[in-house]
Structure formats: C-alpha cells, structure tokens
Amino acid sequence: MSKTNGTNGTAAASRFDPNFTAAVINATGPKANPRLKQLVGGLVQHLHDFLRENEVTLDEYFAAIDMINRAGQMSNAKRNEGQLLSDILGMESLCDEITSTLAAEAADQPTATAILGPFWRKDAPAYAMGDSIVKGFPDADHTLMHGRVLDFDTGTPIANAEVDIWHTAPNGLYESQDPEQPDMNLRGRFHTGPDGRYSLYCLRPTKYPIPDDGPAGELLGLLDRHPWRPAHIHFIISAEGYKSVVTQIFDRRDEHITDDVAFAVKESLVVDFAPRQGDPKGKFELEYDFKLVSFEAGKKYGMPGAKNA
Ligand code: DHB
Ligand code: FE
C-alpha cells in the first residue's frame, strides 16, 4: 500500500487504531521494575511504529519470528547465533559505544583497580579504628589516612567494609622480604564504622626497585629498563554485596609516577599527602574515599557475576 501523503510514518499511522500502542504499553503493572518498564515501553513504541511505517504483513512477521526461533534452536555452549544476529545488525557495537560514552562522560567513577602485585598476604592483623600498622621506624613519615567507603551509585556510606592495606618499609622492603621487621608489619585490616568511615596510621610510602636478582631483573636488564616502582600503598576494599576492589594509591611527588616498571599508575589513584600539624602520631595526612559498585547496580554496567569475589 502506498502512503497517502507520499512520506513515511504519520499519515500511514493514522490509518491504524491510534490507541493500540498506548494500550499495550499501559498494560504494564505498577510492580514492574522501572528500568524494565522504560526499556520494554520504548521497545514496544519503536516496534509498533516500525510495523506501521513499513506496513509489515503477517507473512513477513512470521518469517522474522521463524528466524529468531531458528537462531535460538541453533545456539548452545559452543555457538551463539543470537549474538551473531545482533552483531551483524550493529546492535552490540552500538551498545558498546553507548556504554563507553556514558563511562567517559560520568563526573565520577568507581575506585579504579590496580594490580595486586606479589606481596599481599592473607589474614593481616585486624586493627581498631585509628590504630597504626607501623611497628618501629619512629623517624619515618607517619601518616594519618582516613576517609569513607561509599556506594558509588547512591553515595551511601558502607558500614563494616574491610580496608586491607599493605606497603613497604622506608628501606623499600615488605616485611615478608625483610628479616629485620616483625611478622605482618605494615599490613592490616580495618573495618568502617556505621558512617562508612575508616581511619588508620601508616607511612607515607617510598619508591623502591622490584627484586631484580631473578629472571625478572634479568629481563629488565636485557630490555635496558629500570626496576623502579613509584611510592605506593596497596589496598583490597571489600564489603558484603559489593564487588571488591584491588587497588593502589600513588604519591604524586614520586619521580617514577610516569614510568612505573609495573605500568600500574592511573590518574585517579594519584594522591597528594598534606602536612599535618600538632599530631605526635603523624607528620602527614591523607583523606581518600573508596567507591564500590554493588552487585545490584553492577548489572546496569554489564558487570558479570553476582557473587562476592
Ligand atoms: C610488583 C608489584 C608491586 O606492588 C610490588 O611492590 C613489587 C612488584 C610487580 O608487579 O612485579
Ligand atoms: Fe607493591
């Protein structure tokens, strides 16, 4: 059938029941998930407009249904025909563009991850709010570090989140590399209070060369590369119902901030330590909030898995 006005859409649409699409969309009940309601409502609107504008017949429609059914019947653990159909229509690529554009435009981001490295130890000592993880080093740069652990999407403080922290001594050695240090020195686990706050004393970290007395050092030598990591502190932040974040923060003043041997520096993880006056326990202060994505909200970002890592 040709359109009465020779253009697509509106004139043809008026030849069909003008109330039909709204009736289908409005059939959705009040308990439906709001995002699902938005997506399915929009899909019905666009599909109906498409069917009207193209005056799709039942034969054409059943051919399309048959194709979808065959794609499903053919799909199994080794063959994903539905995804193939979506890809050749550009839909996955468009969703990929939308997802990365949203992430780039967002004013804020969840706490970025960084490598675990070889020196994490499980079961670091549990400390109370405000304790120090430092044994010894009275003249070193003791630092009050504090902040909150927040739900990235809602900004709500997360109570009882775990802040697992570890870093080296001023000699550049983790306690596990250094027989001079007490066991588990410079490592600790803290838990946030009901207001999502944590508070601890640590050291302002020091740059150091990774151990270069083995094959890794040999390869660095062959590649004419230096072994330095910029001063950093490691963390694993975890909380019930949230995706754990393995990360590090880096001291902006470090000369190796731009050429980390392990390539782990990200701008959002570079911090500025502030001088602290009048505190016999610390010369420096650092405030830092960690932002975690809940498994519930993670579904929105296509985050795989709904289990605690
Ligand atoms: C590496 C990472 C570290 O955090 C570290 O302290 C030493 C080595 C690494 O990835 O090799
Ligand atoms: Fe490290």
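Tutor: Buried means under 20% relative accessible area, exposed over 50%, and partly exposed in between (1.4 Å probe, protein chains only). This is a predicted model, in which local features need pLDDT of at least 70. Residues are numbered from 1 along each chain as its sequence is written.

Student: What makes F263 count as exposed?

Tutor: F263 has a relative accessibility of 66%, which is over 50%, so F263 is exposed.

Student: Why is F137 called partly exposed?

Tutor: Its relative accessible area is 26%, in between the 20% and 50% limits, so F137 is partly exposed. F137 also has a positive phi of about 50 degrees although it is not a glycine. Most residues other than glycine have a negative phi.

Student: Which residues are the protein donors of the iron ion (ligand 2)?

Tutor: They are Y174 (OH), Y208 (OH), H232 (NE2) and H234 (NE2), lying 1.9 to 2.5 Å from the iron ion. Donors are N, O and S atoms within 2.8 Å of the metal (3.2 Å for Na, K and Ca), so these four atoms qualify. Two of these residues, Y208 and H234, are buried.

Student: Why is the site of the iron ion (ligand 2) called irregular?

Tutor: Six donors count as octahedral if opposite donors are over 155 degrees apart and all others between 65 and 115; four count as square planar by the same limits, or as tetrahedral if all angles lie between 85 and 135 degrees, and anything else is irregular. The six donor atoms here have angles of 52 to 160 degrees, and 52 falls outside the octahedral limits, so the site is irregular.

Notes:
Chains are lettered from A and ligands numbered from 1 in the order in which they are written. This is a predicted model: local features need pLDDT of at least 70, side-chain atom pairs count only at pLDDT 80 or more; totals for chains, interfaces and linings use all residues. Side-chain values use heavy atoms; hydrogens and water are left out.
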